[in-house]
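Me: I would like to go through the labels attached to this model one at a time, and to see for each of them what the label rests on.

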Amino acid sequence: MADAAGLDPARKVLDLAAARAFRQGVRGAVVFTNGVFDVLHRGHVAYLARARAEGAALIVGLNRDASVRRLGKGPGRPVNEERDRAFVLAGLECVDAVVLFGEDTPRDLIAALEPDVLAKGADYPMDQIVGADLVTARGGRVVRFPLEAGYSTTNLLKKVTRGET
């Protein structure tokens, strides 16, 4: 019988100090990505799995609720609170650690964690990827992945409010 505590996704939700210790313990390339991940959908999971395939571990920087509101994602966002979004992300096999951040950008978190690979969606032009300069200056790389067509939280929420199935 598996130890339930050993399978608890909450064990992968780390503060900055624990995330830095985790990062130092990884043998191989550490991949970092970030986002809101409000209502998790197929596009998110496909993206995160692709990001994880770029290294030995994937750390996800997750926007705290206040920073989501500052991003102007729309009224009522985030739908899910930060602790719930972190728990769901941590429950994915491809996600090794989740770290919440409250700043408007993950730049300080990227500087602290020093990932080898920075992953973002291809909807971000290379010159607008926060922290790309930090990662490449250390000899790391930035990868961009195409988004899964037809999948976005905004569109999903519009569909739900219209009562479509």
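Me: What makes the charged end of Lys 120 count as sitting over the ring of Tyr 124?

Reply: In this predicted model, the charged end of Lys 120 lies 4.4 Å from the centre of the Tyr 124 ring. The criterion asks for NZ of Lys within 6 Å of the ring centre and within 35 degrees of the ring normal, so the distance satisfies the first part, and the statement that the charge sits over the ring carries the second.

Me: Why is the aromatic pair of Tyr 47 and Phe 145 called edge-to-face?

Reply: The centres of the two rings are 6.0 Å apart and their planes meet at 75°. Because rings pair when their centres lie within 6.5 Å, and planes over 60 degrees apart count as edge-to-face, both values lead to the label that Tyr 47 and Phe 145 carry. The structure holds one aromatic pair.

Me: What does the pair of Tyr 47 and Phe 145 tie together?

Reply: Tyr 47 belongs to helix α2 and Phe 145 to strand β6, so the pair links parts of the chain that are 98 residues apart in sequence. Both Tyr 47 and Phe 145 are buried, which means that each has under 20% relative accessible area.

Me: How do you know that β1 and β4 are paired, and which way do they run?

Reply: Two bridges join β1 to β4, and since the definition of a strand pair requires at least two bridges, the two strands therefore qualify. They run parallel, and Leu 14 has Val 99 in β4 as its bridge partner.

Me: Why are β1 and β6 described as standing at the edges?

Reply: The six strands form an open sheet with parallel pairing, in the order β1-β4-β3-β2-β5-β6. At its edges, β1 (13-14) and β6 each have a single partner strand, so one side of each is left without a neighbour in the sheet.

Me: What makes Leu 89 stand out in the largest nonpolar core?

Reply: This core has 20 residues, and Leu 89, together with Leu 48 and Val 95, touches the most other members. Among the elements that each supply at least two residues of the core are α2 (42-52), α4 (82-90) and β4 (97-101). Beyond its neighbours within four places in sequence, Leu 89 is in contact with Phe 37, Leu 40, Leu 48, Val 60, Leu 62, Val 95 and Val 98, where contact requires heavy atoms within 4.5 Å. A second, separate core of 18 residues includes Val 99, Ile 110, Leu 113 and Val 142.

Conventions: Residues numbered from 1 in each chain as written. Predicted model: local features only at pLDDT ≥ 70, side-chain atom pairs only at ≥ 80, totals over all residues. Heavy atoms only, no water. Core = buried A, V, L, I, M, F, W, Y, C linked by side-chain atoms within 4.5 Å. Buried < 20%, exposed > 50% of the residue type's maximum accessible area, 1.4 Å probe, protein only. Helix = DSSP H or I, 4+ residues; strand = E, 2+ residues; numbered from the N terminus. Phe/Tyr/Trp six-rings, centres within 6.5 Å; stacked < 30°, edge-to-face > 60°.
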